[in-house]
Amino acid sequence: MDGSQPINPYLSGNFAPVADEADFELAVTGEIPAALAGAFYRNGPNPRFPPKGEHHWFVGDGMIHGVFVEGGKARYRNRYVRTPKWHDEDAAGRALFGGFDPRLTDPSVAGHDGGVANTNIVWHAGRLLALEEGHAPFEMDPHSLESRGYLGAYRGNVTAHPKLDPETGEMVWFAYGVGEMPLSAGMSYGVTSATGEVVRRDDFQAPYSSMVHDFLVTRGHVLFPVLPLTGSLQRAMTGLPPYAWEPEKGAFVGVMKRDASVDTLRWFETDPCYVFHPMNAWEEGSKIFADVMEHPVAPLFPNADGSPGGDAPARLVRWTFDLAGESNQIKREPLDDMVGEFPRFDERRAGLSYRHGWFAANAGRAGTSFDAIAHVDLATGQRRVHQLPAGDATGEPVFVPRSAGAPEGDGWVVSLIYRAADDQSDFAVFDALDVAAGPIATARIPRRVPFGFHGNWKGA
């Protein structure tokens, strides 16, 4: 032991932040289809300054990476989300906020907004919204990626994973940690109309305080997973983890009709597990089906006593809820045995029955990044996989339809791929139903794009 501090894995390799904001015209290999025209936006954490204390990946400053595609050509632009936190720290020239540890926040910014807007980027009702679950949506300019500011109409924090209803145009959303004190058990259910008006925000109490990263929406119902990655202010103030795995708390999913009162929530139960991301959910008669990437234990977080958590990769599992039955138990059925995360599908089928899904996968090489893109045909059970060269890693695969009226799955999958040998990144385009054939086109970004979270496509 030489007394040196261990290197934080989320500040090294391709997790490490990039220092500048840039604009590049991209060299294209292959041929980007002429019909693929629009913008791919990807959000992720990119700390502006060396963080205070033990850094967690989830708390870095948001940075939007945009790839703009037209006429077979592509250009790249990245910009920080200039939140109030970003401005406070930029003026000070150093990190001021403590991330998940409130004890580390500098007194000069006590009570200031610490939002990072670093998790997702969504286009709805003519606005580009940078999202993270601790704060209100933060609007960005869709062309310049300049910051416009928080949307006050939401009256508080909003999920990073709203659902866009393809039939009504509504954005359905929720929030957790709602209450006067941090890490509260309160939650909210909200709806934004197709024109961008917040028409509903109702509060309710969850069984306990949980990190509810995502939720599920069908044509007629909403489902709120409250799983035992628990939050505790008391724990945090004693130096133990603010968020930790506590399986003894049980696992619950609250189900209610979308137009009903939150007082009607019915809490279903299952064995302890954790889900960051569902793929899709739909209903048939009195049953609701939900396909989720299920972890046996919550990864990336410790146990409640501060000891290291388990290594628990996710796999695709179907949950079934019988609304007509007397039992509140959730039926769970494995759908695929490949390790993966970041599930996506043709979101014109959001909340409806569907056939095709895609996810970032580990096809054989274990690690904290993903070495493959998988396509699953849920009608046939067939899985097709494109495995990347050794050392390369993919981000979330995002589906883009060939046209508004194209059949489900007819289109492309786009993703950012880190090329380890060159320490650069590619914007890659795949035939969505033949990802195993590899990219039909790549646009080389002449530097790396750090690993991040979620992205979406906005058509031209």
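# Exercises on loops, rings and strands

L183 lies in the loop between β11 (171–178) and β12 (186–192). The model is predicted.

**Exercise 1. Find the sign of phi for L183, then decide: is L183 buried or exposed?**

Step 1. Phi of L183 is near 60°. That is a positive value, and the residue is not a glycine.

Step 2. The relative accessibility of L183 is 19%. Buried means under 20%, so L183 counts as buried.

**Exercise 2. Place A125 in the chain and give its phi and its exposure.**

Step 1. Look between β6 (120–124) and β7 (127–131): A125 is in that loop.

Step 2. Its phi is positive, about 50°, although A125 is not a glycine.

Step 3. A125 has a relative accessible area of 32%. Partly exposed covers the range between under 20% and over 50%, so A125 is partly exposed.

**Exercise 3. Classify the aromatic pair of F58 and F301, and say which parts of the chain it ties together.**

Step 1. The whole structure holds 33 aromatic pairs. F58 and F301 form one of them, with 5.6 Å centre to centre and 65° between the planes.

Step 2. Planes over 60 degrees apart count as edge-to-face, so this pair is edge-to-face.

Step 3. F58 lies in the loop between β3 (38–45) and β4 (62–70). F301 lies in the loop between β21 (287–295) and β22 (315–322). The pair therefore ties together parts that are 243 residues apart in sequence.

Step 4. Check the burial. F58 is buried at 17% relative accessible area, and F301 is buried at 5%.

Step 5. Widen the view. Ring pairs link F58 and F301 into a cluster whose members include W57, F100, Y243 and F453.

**Exercise 4. Which arginine has its charged end over the ring of F68, and which over the ring of W86?**

Step 1. For F68, the answer is R75, at 4.6 Å from the ring centre.

Step 2. For W86, the answer is R82, at 4.3 Å from the ring centre.

**Exercise 5. Describe how strand β15 is covered and paired.**

Step 1. Of the 6 residues in β15 (residues 221–226), 6 are buried.

Step 2. In a regular strand, side chains alternate between the two faces of the sheet. H221, L223 and P225 are on one side of β15, with V222, F224 and V226 on the other. Both faces are covered.

Step 3. β15 pairs antiparallel with β14 (residues 216–217) over 2 bridges. L216 has L223 as its bridge partner. The two strands form a hairpin with 3 residues between them.

Step 4. β15 also pairs antiparallel with β18 (residues 251–257), over 6 bridges. Here V222 has M256 as its bridge partner.

Definitions and conventions. Residues numbered from 1 in each chain as written. Predicted model: local features only at pLDDT ≥ 70, side-chain atom pairs only at ≥ 80, totals over all residues. Heavy atoms only, no water. Phe/Tyr/Trp six-rings, centres within 6.5 Å; stacked < 30°, edge-to-face > 60°. Helix = DSSP H or I, 4+ residues; strand = E, 2+ residues; numbered from the N terminus. Buried < 20%, exposed > 50% of the residue type's maximum accessible area, 1.4 Å probe, protein only. Lys NZ or Arg CZ within 6 Å of the ring centre and 35° of its normal. Pairing = 2+ DSSP bridges.
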